[in-house]
Amino acid sequence: MKKFLVFTAAIVVSVSSFAQGNPTASANIIQPLEIVKTADLAFGNIASGTSEGTVVIATDGARTSTGGVTLIEAGNVSNAASFDINGYADASFTIEVPASIVIETAGGAEQMTVDNFVSSLGADSVLDANGEATLQVGATLNVSAQQAAGLYSGSFDVIVAYN
């Protein structure tokens, strides 16, 4: 009979510990990341020569050239693209810039390739305590020898996403 009493006590303890659980479920919906362009990527005024070359805009806006490209300072407006990013404070996020794009004259008769996009924040970053970050994007413009004169333009996407 002793064995039966011990077994009954073990069942009571087991049932009582199962009945005491009272979990809750919760969720916190945070604001989506927002990216707002504050400046376009501008390579400025340049002249092509008899050989191909490049114009590089660094993330700090510094402009350099290689090869047969001459940087023209008169009336020049050049800068890195700039963006304000807003979201959840201290949250980490990824940044995606394109591998390359094509810019062209009106009507698309003439084209140039823009590549080697770089981000001032790298591929991963963290919003500050106010949920803010500033991003600059630079790139390289590839200029052919005797590139036709004209205003070239094109667009590109910068994608940010929470980790």
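The legends below accompany several close-up views of a predicted model.

**View 1. The chain as a whole.** The secondary structure of the chain consists of one helix and 10 strands. Along the sequence these elements follow the pattern α-β-β-β-β-β-β-β-β-β-β. Of the 163 residues in the chain, 28% are buried. The accessible surface comes to about 10200 Å², and carbon and sulfur atoms account for 55% of this area. Where contacts link residues at least 6 apart in sequence, 70% of them join residues at least 24 apart.

**View 2. The largest nonpolar core.** This core has 28 residues. The residues with the most contacts inside the core are F43, I85, F93, V114 and L141. Two or more residues are supplied by each of strand 2 (46-57), strand 4 (81-86), strand 5 (92-96), strand 6 (100-104), strand 7 (111-119) and strand 9 (132-143). Strand 9 provides the largest share of the core, with six residues.

**View 3. The largest pocket.** The space in the largest pocket amounts to about 630 Å³. The pocket is lined by 34 residues, and those that lie nearest its centre are L41, F43, I103, Y152 and S153. Strand 1 (34-39), strand 2, strand 4, strand 6, strand 7 and strand 9 each give two or more residues to the lining. The largest share of the lining, four residues, comes from strand 1. Sorted by class, the lining has 23 nonpolar, eight polar and three charged residues. F43 appears both among the residues nearest the centre of this pocket and among those with the most contacts inside the largest nonpolar core.

**View 4. T105 between strand 6 and strand 7.** T105 is placed in the loop between these two strands. The relative accessibility of T105 is 12%, and the residue therefore counts as buried, the cut-off being under 20%. When neighbours within four places in sequence are left aside, T105 is in contact with E110, L151 and Y152. One of these partners, Y152, also belongs to the residues that lie nearest the centre of the largest pocket.

**View 5. T64 in strand 3.** T64 belongs to strand 3, which covers residues 63-71. With a relative accessible area of 44%, T64 is partly exposed. Residues up to four places away in sequence not being counted, T64 touches T54, V55, V56 and L71. T64 and F43 are 21 residues apart along the chain, and their C-alpha atoms are separated by 9.6 Å.

**View 6. D90 between strand 4 and strand 5.** D90 is found in the loop between strand 4 and strand 5. The phi angle of D90 is near 65°, a positive value in a residue other than glycine. D90 counts as exposed because its relative accessibility is 55%, the cut-off being over 50%.

**View 7. N116 in strand 7.** N116 lies in strand 7. Although N116 is not a glycine, its phi is positive, at about 55°. Strand 7, which holds N116, is one of the elements that give two or more residues to the largest nonpolar core. Strand 7 likewise gives two or more residues to the lining of the largest pocket.

Terms used. Residues numbered from 1 in each chain as written. Predicted model: local features only at pLDDT ≥ 70, side-chain atom pairs only at ≥ 80, totals over all residues. Heavy atoms only, no water. Core = buried A, V, L, I, M, F, W, Y, C linked by side-chain atoms within 4.5 Å. Buried < 20%, exposed > 50% of the residue type's maximum accessible area, 1.4 Å probe, protein only. 1 Å grid on protein atoms, 1.4 Å probe; cavity = no way out; pocket = protein on both sides within 12 Å on 5 of 7 lines; lining within 4 Å. Points joined across faces, edges and corners; volume = space filled by probe spheres on them. Nonpolar A, V, L, I, M, F, W, Y, C, P; charged D, E, K, R; others polar. Contact = heavy atoms within 4.5 Å. Areas by Shrake-Rupley, 256 points an atom, 1.4 Å probe, with all protein chains shown as cover.
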